[in-house]
Structure formats: C-alpha cells, structure tokens
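Let's take a friendly walk through the open and enclosed spaces of this protein, then its aromatic rings and its cysteines. Have the model open beside you as you read.

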Amino acid sequence: MANFEAVKEGLAKNGQEHLLKYWDELSEDQRALLLEDIGELNLEEVKEFFERATSSMAESGEKLDDKMEPVCEDKFLSISGSNPDQLTKYYEEGLRQIAGSKVGVLLMAGGQGTRLGFAHPKGMYNVGLPSNKSLFHVQAQRILKLQRLAAEFVGQSGRITWYIMTSEATMVPTKKYFEQNNYFGLEEENIVMFEQGSLPCYDFNGKILLDEKHRISKAPDGNGGLYRALRDRGILDDLERRGVLYLHAHSVDNILIKVADPIFIGYCVEQSADCAAKVVEKSHPNEAVGVVCQVDGKYQVVEYSEITQKTAELRKPDGRLTFNAGNICNHFFTTIRSLLYPHGSMDVIDTIRSHNHH
C-alpha cells in the first residue's frame, strides 16, 4: 500500500509514528479516516508551532520582564485628550472609506456560549437587553447604521463586508441563525463566513494524541489561527476581489464594540498604519488583561500571567502604570501590505488609547 508506506515514512521522520500503532486493529473505513486525519496535517508546520509554544512556556516571567518596553507615547492617540476637530477629521475619513466600500469587519465568532450556560454559538446569546437582541443582531445593526451614515455624509452608498470566522462546531448553527433572521437586514452577499482551523493536541513530550484509535485529537487553533484561516479559506483573495483595503477585527463577545469605528479607521488611514490595536488604560496593576508592549523591539501582547508583580506595578513619573495599554482584542489591519504579505515585515503599529471606550 504505497500511500500507507509514504504516510508511515513521513510520520517516522517527524517522530509521530505512534499514530499508526493500532493500524492492524482498524477496519478499512477506520483506516481511511485515520489516513485522512494524518493527510490534513502539515507535520513540519505543527511541529514548529509546538516547539515555539513550549519554548515560550519555558521562559520565566523574570526573563520576559527584562525584554519588555512600553509602547512609545508618540505611537498613541488618546481619545479623551484629543482635539475634537482632529477627531472629527478622522471620523469623516472613516466614513469616506466606508462609503467607498473599502472597509471590512472581521468578527472572531468561533466560541460556544458554554461558560454562559448557553449551548449555542456565543454570538446568538441574548445578553438581556430590553430588545432581546443577540450579540450578532446588535453588531449587524451597527453595520447597517454606519453604512447609512456614510452614505448620507458622502452621498454615495457603500458596503461593509462582514467576515465572520466560526469554528467547525459553530459554522452550521451560525449560518442557520442568520438565514432565519434574514441576515438582520444586511445583504447576504456581503456576509462571508469561514471556519477557523484546528491543530492536533500534544502531550508534553511532543507526541500527537489520538482521540480514538483511528482519529487524531484536535482542537480549534484559537484567535491566533486567524491568519492561517484567512490564507487557507480564500479570504485574502476575497478581500482583493472586493477591493477591501482595511479590516476592523474584534471578538464577538464585546457588546460595547464600535464596529468599524470611523475614528479608529480614519486615524489608521491618516497614519498609513499597517496594523493597530485599540486599547484601554489598565485601572490597576492586577487587572486581568494583557498589555500591548514591545518585546525585543517587536510589538506584541503580553498576558498578565506572563509578567511579575513587580513589573505590573511599575509606574511613570505622572503616577500612571508603565505597562498600561490593556488589550481588548480590537484591531485594525490593512490588506495593502500586512495581509497580502502575511509573512512580510510589519514595522509600524499605531495604537489608540481610549480612556472611555464604548
């Protein structure tokens, strides 16, 4: 069986030959399913992911502290401290981009509402508003309102393409929910759903786990898998085909989100930013939120659990926390460089700090 021999050789090369240890006990159908699971793996890529993850885990908080630097003040715009005329300028630029159909919204909606006691996709959750609207419904109406505001301001009707990243478990119910609600007044063709990827589960020795004798144990690859999904699901091609230049990305469970916030979009466009993160200032050192900062000169989010108490409590001369840019999973990306060339350099990041984010 040539295919089997090739698979066996590839597994052995990557130290995963144990995945075939029950081969002789499997039926033909089960063997086919196992080979299909293995065939979907890019063994060299997932091995690299595992090594990177375990290497990161091995670094102590003290070592990471030594590498961290706050984002320079000139990379921030503070909403509360900005000139109203300047904010109006950014707002109007954002509306112009929306009216020109240059803006898309990227919603990360792969999670179930399990922790809410809700056995459905989180976006379908009724958060208790008097209107009984779900998270999906609220965010859809904000997109509709923005399209109307942009059309009134510019005199040209544009669309905001809504990209919704689901998981394998939430794709079908999410699609049905939108169909049953007539897409909440949006055009079906402007709502693009796609599944996030999955990664195999590993033990601490770097061995991929079996869920059953003939199935590999897999789990959704989380928000970090967004970029692979954009590439592998054809979303980058769709963005280019539609002429979408700017994406506002956020998570589904943020009910206060300003979807495709024109000020955020306009500011990033004016600054020619490759990518950006909207943040809120941490209220106290122990607030359980990651911070946007620089590590070895590169911008990233460092989780609150990855730094020591001493570093969390550092303060500037004015008394504010040194590492205060709290990450709220609220981002801007361009398709011009950052997404069309996902492995290229992104050496510019402009971050908006909103002291009163709504």
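Helix H3 (43-58), strand S6 (198-200), strand S9 (218-220) and helix H8 (226-232) each bring at least two residues to the lining of the second largest pocket. Here helices (H or I, at least four residues) and strands (E, at least two) are DSSP runs, numbered from the N terminus. H8 contributes the most to this lining, with four residues. The model is a predicted one, where local features need pLDDT of at least 70 and side-chain atom pairs count only at pLDDT 80 or more, while totals for chains, interfaces and linings use all residues. Residues are numbered from 1 along each chain as its sequence is written, and side-chain values use heavy atoms, with hydrogens and water left out.

The second largest pocket has a volume of about 610 Å³. Its lining counts 25 residues, and the closest to the pocket centre are Gln196, Gly197, Ser198, Lys218 and Arg233.

There is also one cavity of 30 Å³ or more. The largest cavity holds about 60 Å³ of space, and of its 11 lining residues Pro70, Val71, Phe76, Thr322 and Asn324 are the closest to its centre. On a 1 Å grid over the protein atoms alone, a cavity is a set of points where a 1.4 Å probe fits but cannot get out; a pocket is an open set with protein on both sides within 12 Å along at least five of seven lines, and lining residues have an atom within 4 Å of a point. Grid points are joined across faces, edges and corners, and a volume is the space filled by probe spheres set on the points.

Here are the two linings by class (nonpolar: Ala, Val, Leu, Ile, Met, Phe, Trp, Tyr, Cys and Pro; charged: Asp, Glu, Lys and Arg; polar: the others, Gly among them).

| Lining | Nonpolar | Polar | Charged |
|---|---|---|---|
| Second largest pocket | eight residues | six residues | 11 residues |
| Largest cavity | six residues | two residues | three residues |

Now for the rings. The structure holds 13 aromatic pairs, counted when ring centres of Phe, Tyr or Trp (its six-membered ring) lie within 6.5 Å, with planes under 30 degrees apart stacked, over 60 edge-to-face and the rest tilted. Phe178 and Phe184 are an edge-to-face pair because their centres are 5.3 Å apart and their planes stand at 85°. Both belong to one aromatic cluster with Phe136, Trp162, Tyr177 and Tyr183. Phe178 is buried at 0% relative accessibility, and Phe184 is buried at 9% (buried is under 20% relative accessible area, exposed over 50%, partly exposed in between; 1.4 Å probe, protein chains only).

Finally, how many disulfides are there? The count is zero, taking a disulfide as a pair of cysteine sulfur atoms within 2.5 Å. Cys72 is partly exposed at 41% relative accessibility, whereas Cys329 is buried at 16%.
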